[in-house]
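Here is a short briefing on a protein with a bound ligand. The ligand site comes first, then the nonpolar cores, then one strand residue.

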Amino acid sequence: MSPDPELRTLRLTLRQWRADDREPFARMNADRRVRLYFPGALTREESDGLADTQEASFAERGFGFWAVELRESGAFIGFIGLGVPSIEAHFTPCVEIGWRLMPEVWNQGYATEGARASAAFGFERLALTEIVALTAVANAPSRRVMEKLGMTHDPADDFDHPRIEPGHPLRRHVLYRLQSRQHVA
Ligand SMILES: CC(C)(COP(=O)(O)OP(=O)(O)OC[C@H]1O[C@@H](n2cnc3c(N)ncnc32)[C@H](O)[C@@H]1OP(=O)(O)O)[C@@H](O)C(=O)NCCC(=O)NCCS
């Protein structure tokens, strides 16, 4: 397999990270709308660290969260991809799918489009048998993306996020699962 996989969908390119992604990525990670379902905004340093983590993940594992750009304009709009959660929980170790996009492009189906290609990559190229997704219970847009991907939610899988303090409204999380046999290429 190529060490630097890239994916193309009808409207998106999921590509490797470039130095000039860092500024718009940091802007997105500092935006309160984007961080509504996370405990806080990211500093520039934290945002750069998150991009570093994705680059290291591709180098080590051959997958990660890709930088996403619109094919039409070449604009960077966020990240989508596959990762390995660093928390310990009843469903780990596992491979997760995730997404975070600039508010200017929300509700046009981009997260679902990029995630579909990412899941297909996971099942077909990485031969995964299951991909999970997790988010705060209240994150309706993200849960909707999970549903549109055909992922299933069993309330028995709900869990308290170990990095979010007890009593915090975002602590309770849902887990969605997608099995390779559910995936239709
Ligand atoms: C989650 C996120 C990536 C979705 O991106 P997107 O490109 O807008 O996703 P899509 O357009 O593919 O689908 C969004 C769906 O959520 C729905 N939606 C949006 N706001 C909603 C709300 N407040 N309540 C319920 N559904 C909502 C949309 O209507 C759409 O569903 P539909 O196609 O059935 O109409 C984007 O909202 C985001 O970046 N959020 C901030 C970061 C984040 O929370 N990431 C996920 C962490 S797990």
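**Ligand site and cores**

The ligand is surrounded by 21 residues, and the closest are Asn107, Gly109, Thr112, Arg144 and Lys148. A residue counts as near the ligand if one of its heavy atoms lies within 4 Å of it. This is a predicted model: local features need pLDDT of at least 70, side-chain atom pairs count only at pLDDT 80 or more, and totals for chains, interfaces and linings use all residues. Residues are numbered from 1 along each chain as its sequence is written, and side-chain values use heavy atoms, with hydrogens and water left out.

**Polar contacts to the ligand**

- A polar contact is a pair of N or O atoms within 3.5 Å; within protein, one must be able to donate a hydrogen and the other to accept it, and residues adjacent in sequence count only if both atoms are side-chain atoms.
- Threonine 112 uses its side chain: an N or O atom there is 2.6 Å from an oxygen atom of the ligand.
- Glycine 109 places a backbone N or O atom 2.7 Å from an oxygen atom of the ligand.
- Tryptophan 99 has a backbone N or O atom 2.9 Å from a nitrogen atom of the ligand.
- The ligand taken alone exposes 960 Å², and the protein buries 73% of that. Accessible areas come from the Shrake-Rupley method with a 1.4 Å probe; for residues, only the protein chains shown count as cover.

**Shell around the ligand**

- At least two shell residues come from each of β5 (96–101), α3 (110–125), β6 (130–136) and α4 (140–148). Helices (H or I, at least four residues) and strands (E, at least two) are DSSP runs, numbered from the N terminus.
- α4 gives the most to this shell, with six residues.

**Nonpolar cores**

- The largest nonpolar core has 34 residues; Ile77, Leu82, Ile97, Trp99 and Met151 have the most contacts inside it. Such a core is a set of buried Ala, Val, Leu, Ile, Met, Phe, Trp, Tyr and Cys residues joined through side-chain atoms within 4.5 Å.
- α3 supplies the largest share of this core, seven residues.
- Another core, of ten residues, lies apart from it and includes Phe65, Ala67, Phe79 and Met102.
- Leaving out residues up to four places away in sequence, methionine 151 touches partners including Ile97, Ile131, Met146 and Tyr176. Contact means heavy atoms within 4.5 Å.

**Threonine 13**

- Threonine 13 lies in strand β2.
- Threonine 13 counts as buried because its relative accessibility is 8%. Buried means under 20% relative accessible area, exposed over 50%, partly exposed in between (1.4 Å probe, protein chains only).
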